[in-house]
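Here is a short briefing to read with the structure open beside you. It walks through a few neighbouring strands and how they pair.

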Amino acid sequence: MIASSEPDRDCALCPRLHDFIAEWREREPAWFNAPVPAFLPPEGDDSVRLLIVGLAPGLRGANRTGRPFTGDYAGDLLYSTLLRFGLASGRFEARPDDSLQLSRTAIVNAVRCVPPQNKPTGPEISTCRTFLTPTIERFPNLSAVLALGSIAHQSVVRALGGRVAAHPFKHRGLHQLGHVTLFSSYHCSRYNTNTGVLTEEMFVNVFKDIAEFLGE
């Protein structure tokens, strides 16, 4: 494991995010309230072929539970789809001590700390690539990355050494960056699904592409 792939619990590289978490530690001391670590399969780093990259922890989702996409609607759609395609097993119950386990897949956020109004700033996104880049590098057999939303997409492109202008975001887009194939989807947020920006069928089709690519 590359040590710098995980921020310290009291990481202060982004003062605004650090102060926001400190405020919520006082309000809700039982919550996780810290940079959310990557969610890994039990078989370890060598087994990971797909890395899913989200935007940032939700206030009452991952910031509360300490596991990516756990505790809010986005996780319901994401994990049900992973289970459908055999990329996870067990039962998702929206809490970190449920029986859900990932298979050949890891999940992380481009920004590890919860941002106010779910909106990280450009400098915060850039700063947190300090951890995203080595997270990508820690998986020796990684062949695919799925970016959820345009911000995650752009951060992954930059982490892989690409130019955003040469690799624009598009739902169900596909880009080759070195040894990694980047798939992209609209974020599976409640807002996107409620407004029809992303339907379950659209999301499932992205995973059909990924499964075909991985030879599943």
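The notes below cover strand 7, its partners and the strand beyond. Please keep in mind that this is a predicted model.

**Strand 7: how well is it covered?**
- Strand 7 spans residues 180–185, and 6 of the 6 are buried, so the rest of the structure largely encloses this strand.
- In a regular strand, side chains alternate between the two faces of the sheet.
- On one side of strand 7 sit V180, L182 and S184, on the other T181, F183 and S185, and all of these are buried, leaving both faces covered.

**Strand 7 and strand 6: the hairpin**
- Strand 6 (residues 174–177) runs antiparallel to strand 7, and 4 bridges join the two.
- One of the pairings places Q176 of strand 6 opposite its bridge partner T181 in strand 7.
- The hairpin has 2 residues between the strands, and G178 takes a positive phi near 65 degrees there.

**Strand 7 and strand 5: the parallel pairing**
- Strand 5 (residues 144–148) pairs with strand 7 in the parallel sense, over 5 bridges.
- V145 has L182 as its bridge partner in strand 7, while L146 has F183.

**Strand 5 and strand 1**
- Strand 5 is mostly covered too, with 5 of its 5 residues buried.
- A144, L146 and L148 point one way from strand 5, V145 and A147 point the other way, and all are buried.
- Strand 1 (residues 50–54) pairs with strand 5 in the parallel sense over 4 bridges.
- In that pairing, the bridge partner of L50 is A144 in strand 5.

Definitions and conventions. Residues are numbered from 1 along each chain as its sequence is written. This is a predicted model: local features need pLDDT of at least 70, side-chain atom pairs count only at pLDDT 80 or more; totals for chains, interfaces and linings use all residues. Side-chain values use heavy atoms; hydrogens and water are left out. Buried means under 20% relative accessible area, exposed over 50%, partly exposed in between (1.4 Å probe, protein chains only). Two strands pair if DSSP finds at least two bridges between them.
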